[in-house]
Amino acid sequence: MKCLECGYESELSQRIITCPKCGGIMEIKVKIPSNFNFSMLRGRGVWRYRDAIPGNYNKTVSISEGGTPLVSSSFSSYLFYKFEGANPTGSFKDRGMTIAISSALSEGYKVVVAASTGNTAASAAAYAARGKMRIYLVLPSGKVALGKLAQSILYGATILEVNGSFDVAMSTVLRLYKELGVVYPLNSFNPWRLEGQKTIAYEIAEEIGVPDNVVVPVGNAGNVYAIWKGFVELMEAGVTSKIPKMIGVQAEGASPIARAIQKGESIPEFVDSPETVATAIRIGKPVNWKKAIKAIVESRGNALTVSDNEILEAQKKLARLEGLGAEPASAASLAGYQKAIEKGILGKDEKTVLILTGHALKDPDAMLKSDARRILVNPDHVDKIILGELDASS
Ligand code: F0G
């Protein structure tokens, strides 16, 4: 393990979450076994890749996360969607949560805590429930999509709502972790969580080989790094022979990383009051910014910003052309992909995977923003309306 801030190096330990010396973000260097071979693996989902996941797990908490569908596009044979909405709580967070909660239990923790824009909360609540752990969620008051809040309530978490953005909630959890010691943090500054999320790369590589590009919506910035890390490990072991370009997408009103990449700067300018319809990625001060910039730069990728309007149009397009229901943050990947093609950053004939990080059902208010054909009718007039429309269109 190595600290990205001060360079401190340590042996692998599940006790270590942030740097014991400076409190910085830690990386876990993983060398997968030289005989690693997809054809020898068993089971499906995250734990299928157990040989590539470091750590000891004498207790595992799993709800069959991962193994999500890779759906081919109906309008391009080069385009695929990794539909993470098919995870048990409807987002990719479950992949990291199975590892983090199992790690916490194996290390003897009884209390877990997470800040969240919503999906981490829902996922953490489910896995904590299954692991019989006490959970406190620190959420930005009034800024969490309804479906996610409802999930957290259903799974029985204690919800502590704070005034301000996700960034306030995040710094509260960091402080709690550092000062209290007894609480185990489930946010993505915990590098063990990312070990679960990297299995997105393993699944893609196993199913279709390594694509040219992977497009990922970026918020707190852990996932783009985790997926890149998975591809790097496979290549270093000789299982695959290349790494895809990692393309990060942020909403215009919450885009410190995309702006830094576009300006060629290595340190982002944080955003004080982030705003976007994609509440999952309404984040101004991404805790994993260093990891994300590393993944994007080292993969020779890129980063884009998209407007709220572009996000909602992409969400509608996914639903109405592909039959895929994705929440706004996830639709940002399609909006970003389209923009990248327009700008000549990506080619239409490059094999590209868009990560659809969360299910549309997470955010009913966003779905209701789509133009609807809802007509209040007398039941006797229904036939007339339909026949009238069929006549008009024939
Ligand atoms: N997409 C969705 C649906 C998310 O919920 C998130 C993050 C992201 C993308 C961005 O991933 O943070 O690794 O860059 N949601 C977090 C949460 C912040 O609290 O649920 P990231």
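**Rings and a ligand in a predicted model**

User: How many aromatic pairs does a search of the whole structure find?

Analyst: This is a predicted model, where local features need pLDDT of at least 70, side-chain atom pairs count only at pLDDT 80 or more, and totals for chains, interfaces and linings use all residues. Residues are numbered from 1 along each chain as its sequence is written, and side-chain values use heavy atoms, leaving out hydrogens and water. Rings of Phe, Tyr and Trp (its six-membered ring) pair if their centres lie within 6.5 Å. Searching the whole structure gives nine.

User: What kind of aromatic pair do Phe270 and Trp289 form?

Analyst: Planes under 30 degrees apart count as stacked, over 60 as edge-to-face and the rest as tilted. Phe270 and Trp289 sit 6.4 Å centre to centre with 70 degrees between the planes, so they're edge-to-face.

User: Which side chain has an N or O atom 2.9 Å from a nitrogen atom of the ligand?

Analyst: A polar contact is a pair of N or O atoms within 3.5 Å; within protein, one must be able to donate a hydrogen and the other to accept it, and residues adjacent in sequence count only if both atoms are side-chain atoms. Asn119 puts a polar side-chain atom 2.8 Å from a ligand oxygen, and a backbone N or O atom of Asn220 is 2.7 Å from a ligand oxygen. The side chain you're after, at 2.9 Å from the ligand nitrogen, belongs to Lys93.
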